[in-house]
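Here is a brief report on how the helices and sheets of one structure fit together. Keep the model in view while reading.

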Amino acid sequence: MPELPEVATYQKFFNMTATGRKVTGVEVIEPRVVTVSPEELQQSVVGQRWEETQRIGKHLLVKLSGGGWMTMHFGMTGSLRSFKDQEDAPRFTKVLFALDDGFFLAFRCPRILGRIGLTESLSTYQKDKKLGPDALTVSWKEFQEILDGRTGLIKPLLMNQSTVAGLGNWIVDDILYQAGIHPECRANELSDAKVQSIFDKMKYILKTAVELESRYEDFPDEFLVTYRWSKNQHRQEEINLEILKVGGRSTYIDAERQRL
């Protein structure tokens with residue numbers, strides 16, 4: 001599933017291939033991925049220049065020269081592709097944009113769970129989607145204020161996109177593993193030092209993943225994800241790896257390091 005680091009990579013790709021370009025055509029191949037009518041998307045985007053991009057958590061937004069923003073959420077299997085010849089359109093293309101430089105940008109989505117839409121502003125979209133501040137850019141003071149007085153289990157709390165936007169399952173597991181905190185610990189039971197550790201590990205993990213463009217095989221050894229996704233049995237046995245259900249999600253922990 002595309003998480004914050006993958007969407008940051010898509011943003012980088014979009015900026016390299018499409019930002020600054022004028023849209024000359026839009027073909028909606030699968031209307032179910034569009035949150036407005038195909039006609040409204042075409043009327044709003046065709047003839048407009050994509051001026052800049054912004055990311056809020058797992059959501060990518062593109063500013064239109066005529067006003068407003070086009071929004072993209074990638075669901076479980078969404079991605080972007082750029083190509084020159086229309087016959088080279090990738091499989092599972094659901095929306096196809098023609099650009100004024102002769103290239104095409106495809107929004108791929110095999111499972112049809114991604115979405116493209118429109119919004120008048122970043123703040124409107126963030127409010128409508130109930131998104132907290134972006135996890136990569138949230139400040140320490142904001143993070144402290146968000147967790148202050150919260151009594152829920154720390155893992156579901158961090159995964160709630162209204163707390164901070166962009167944290168997915170493996171990322172939260174890695175944050176808590178590296179911070180040495182059990183996922184069923186309650187937020188109000190955490191010391192200030194533990195909350196600081198969560199914040200620091202969150203920033204470190206996200207920045208590392210973004211810099212490596214989500215190439216998980218290149219992650220440092222201290223990442224839990226290098227154990228949980230390893231096909232090497234010896235690698236998996238290096239820590240006391242256990243799998244729990246927390247907040248309805250499969251959760252990986254080191255039972256020795258993360259004690260409740």
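## Helix 1 against helix 7

Helix 1 and helix 7 are oblique to each other, because their packing angle is about 40°. This is a predicted model. The axes of helix 1 (residues 4–17) and helix 7 (residues 192–211) are 9 Å apart. The crossing of helix 1 with helix 7 is right-handed.

Leu4, Pro5 and Ala8 are the helix 1 residues at this contact. Across from them, helix 7 supplies Leu206, Ala209 and Val210. By class, the contact counts six nonpolar residues, with no polar and no charged ones.

## The sheet 1-6-7-5

One open sheet holds four strands in the order 1-6-7-5, with antiparallel pairing. Strand 1 (23–28) and strand 5 (79–83) have a single partner strand each, so one side of each lacks a neighbour in the sheet. On average, neighbouring strands here are turned by 20° against each other, direction ignored.

Strand 5 pairs with strand 7 (residues 104–108) over five bridges, in the antiparallel sense. Ser79 sits opposite Arg108 of strand 7.

## The sheet 2-3-4-8

Another open sheet of four strands runs in the order 2-3-4-8, again with antiparallel pairing. Its edges are strand 2 (50–56) and strand 8 (115–119), each pairing on one side only. The twist from one strand to the next averages 25°.

Within this sheet, strand 3 (residues 59–64) and strand 4 are antiparallel partners over five bridges. Val62 has Met70 in strand 4 as its bridge partner.

## Helices on the sheets

Which strands does helix 1 lie across? In the sheet 1-6-7-5, helix 1 lies across strand 5, strand 6 (93–99) and strand 7, at about 25° to strand 5. In the sheet 2-3-4-8, helix 1 lies across strand 2, strand 3 and strand 4. There, helix 1 runs at about 170° to strand 2.

Helix 2 packs on the sheet with strand 2, strand 3, strand 4 and strand 8, touching each of these. The direction of helix 2 makes about 60° with that of strand 8. Helix 2 (residues 38–45) also lies across strand 1 and strand 6, at about 170° to strand 1.

## An aromatic link

Twelve aromatic pairs turn up in a search of the whole structure. One of them is Tyr10 with Phe74, a tilted pair. The ring centres are 4.5 Å apart, with 45° between the planes. Tyr10 belongs to helix 1, and Phe74 to the loop between strand 4 (69–73) and strand 5, so the pair ties together parts that are 64 residues apart in sequence.

Notes
Residues are numbered from 1 along each chain as its sequence is written. This is a predicted model: local features need pLDDT of at least 70, side-chain atom pairs count only at pLDDT 80 or more; totals for chains, interfaces and linings use all residues. Side-chain values use heavy atoms; hydrogens and water are left out. Axes are lines fitted to C-alpha atoms, for helices over the stretch in contact, and angles run from 0 to 180 degrees between N-to-C directions. Helices (H or I, at least four residues) and strands (E, at least two) are DSSP runs, numbered from the N terminus. Angles under 35 degrees count as roughly parallel, over 145 as roughly antiparallel, 65 to 115 as roughly perpendicular and the rest as oblique. A crossing is left-handed if the near helix is turned anticlockwise from the far one by less than a right angle, and right-handed if clockwise. Contact means heavy atoms within 4.5 Å. Ala, Val, Leu, Ile, Met, Phe, Trp, Tyr, Cys and Pro count as nonpolar, Asp, Glu, Lys and Arg as charged, and the others, Gly among them, as polar. Two strands pair if DSSP finds at least two bridges between them. Rings of Phe, Tyr and Trp (its six-membered ring) pair if their centres lie within 6.5 Å; planes under 30 degrees apart count as stacked, over 60 as edge-to-face and the rest as tilted.
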